Amino acid sequence: MQRRLLSLVTLSTLLCAFALGLLGEAHAVDTDRFLLDDATSLRGEDLEGTAVLSSGRVVVGAQTTRVALEDDASAALVYALALDGEAAYLGTGDEGRVLRARGERVDVLAETGQLLVTSLARAGRTLYAGTIGEGKLFAIPLGGGEPQEIALPEGVEHVWALAWMERTRRLVVGTGPEGLLLEVDPTKQGEDAFRTLLDTDA
């Protein structure tokens with residue numbers, strides 16, 4: 001029994017020695033480490049296609065492409081933006097146009113006849129646009145067609161903000177100069193279309 005156990009130990013030792021011979025020499029390596037404690041640690045590095053957070057963390061960045069606004073789709077300024085999976089919608093001035101950008105193509109989606117489109121909100125296949133000049137609110141069909149004006153209270157001269165509330169199927173509209181926050185039902189006409197949520201002058 002002892003002779004058999006000794007033979008097994010000897011065989012095991014020989015196998016280990018043979019395996020180590022096959023592996024060759026093992027070399028130790030040094031571990032490199034560096035510290036990124038803020039974004040300035042990467043100053044001067046090639047960071048194309050990445051973004052550096054204020055913590056110093058490097059993440060995949062967004063690719064940007066400059067697209068020129070030309071000819072009939074020109075604008076002095078872009079003031080408002082709304083997105084969907086297909087396009088970006090731009091509220092512009094000083095001719096109150098809504099532009100649609102798809103890839104490198106930009107075209108005029110709607111003409112409001114106002115000074116500036118200050119706010120946009122998308123709901124399904126409709127884009128809502130608020131303006132200054134006369135403080136108007138428009139529903140613009142994304143499938144084509146003319147913008148339809150939605151009634152607002154008398155005295156509204158500016159539409160500064162829009163938000164579509166999916167649960168209630170209403171728009172919340174921030175207006176001036178009286179600081180009214182309105183709820184607007186775009187399916188109704190006249191005074192039935194809106195109600196005051198907040199009067200900041202009250």
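This is a short talk on the fold, core, salt bridges and hairpins of one protein chain.

Two notes before the details. This is a predicted model, where local features need pLDDT of at least 70, side-chain atom pairs count only at pLDDT 80 or more, and totals for chains, interfaces and linings use all residues. Residues are numbered from 1 along each chain as its sequence is written, and side-chain values use heavy atoms, with hydrogens and water left out.

Start with the overall picture. The protein chain has 1 helix and 14 strands. Helices (H or I, at least four residues) and strands (E, at least two) are DSSP runs, numbered from the N terminus. Of the 202 residues, 34% are buried. Buried means under 20% relative accessible area, exposed means over 50%, and partly exposed lies in between, with a 1.4 Å probe and protein chains only. The accessible surface comes to about 14000 Å², and carbon and sulfur atoms hold 52% of it. Those areas come from the Shrake-Rupley method with a 1.4 Å probe; for residues, only the protein chains shown count as cover. Now contacts, meaning heavy atoms within 4.5 Å. Among those in the chain with a separation of 6 or more, 28% are between residues 24 or more positions apart.

On to the core. Which residues touch the most other members of the largest nonpolar core? They are Tyr128, Leu137, Leu152, Leu162, Leu171, Val173 and Val184, out of 18 residues. Strands E7 (116-123), E9 (137-141), E11 (158-165), E12 (170-176) and E13 (180-184) each give two or more residues to this core. A second, separate core has 14 residues, including Ala82, Tyr89, Ala110 and Ala129. A nonpolar core here is a set of buried Ala, Val, Leu, Ile, Met, Phe, Trp, Tyr and Cys residues joined through side-chain atoms within 4.5 Å.

Take Val184 from the largest core. Leaving out residues up to four places away in sequence, Val184 touches Leu137, Ile150, Leu152, Arg170, Leu171, Val173, Ala193 and Phe194.

Gly174 is also worth a look. Gly174 lies in strand E12. Gly174 counts as buried, at 15% relative accessibility. Its contacts, again not counting residues up to four places away in sequence, are His158, Val159, Trp160, Ala161, Leu180 and Leu181. The C-alpha atoms of Gly174 and Ala163 are 8.9 Å apart, and the two residues are 11 residues apart along the chain.

Now the salt bridges. How many does a search of the whole structure find? The search finds 10. A salt bridge is a side-chain nitrogen of Lys or Arg within 4 Å of a carboxyl oxygen of Asp or Glu.

First pair: Asp84 and Arg122, with the closest N and O atoms 4.0 Å apart. Why does this pair tie together parts that are 38 residues apart in sequence? Because Asp84 lies in the loop between E3 and strand E4 (88-93), while Arg122 lies in strand E7. Asp84 is buried at 18% relative accessible area, and Arg122 is partly exposed at 33%.

Next pair: Asp107 and Arg102, closest N and O atoms 3.8 Å apart. Asp107 is buried at 17%. Arg102 is partly exposed at 37%.

Then Glu149 and Lys136, where the closest N and O atoms are 3.8 Å apart. Glu149 sits in strand E10 (residues 148-150) and Lys136 in the loop between strand E8 (126-132) and E9, 13 residues apart. Both are partly exposed: Glu149 at 43%, Lys136 at 22%. Finally, Glu95, Arg97 and Glu111 form one network through salt bridges that share partners.

Last topic: strand E8 and its neighbors. E8 is mostly covered, with 6 of its 7 residues buried. Strands count as paired if DSSP finds at least two bridges between them. E7 and E8 run antiparallel, joined by 7 bridges. Arg122, from the first salt bridge pair, has Leu127 in E8 as its bridge partner. The E7 and E8 hairpin has 2 residues between the strands, and Gly124 there takes a positive phi near 60°.

On the other side of the list, E8 and E9 also run antiparallel, with 5 bridges. Gly130 has Leu137 in E9 as its bridge partner. This hairpin has 4 residues between the strands, and Gly133 in the turn has a positive phi of about 120°.
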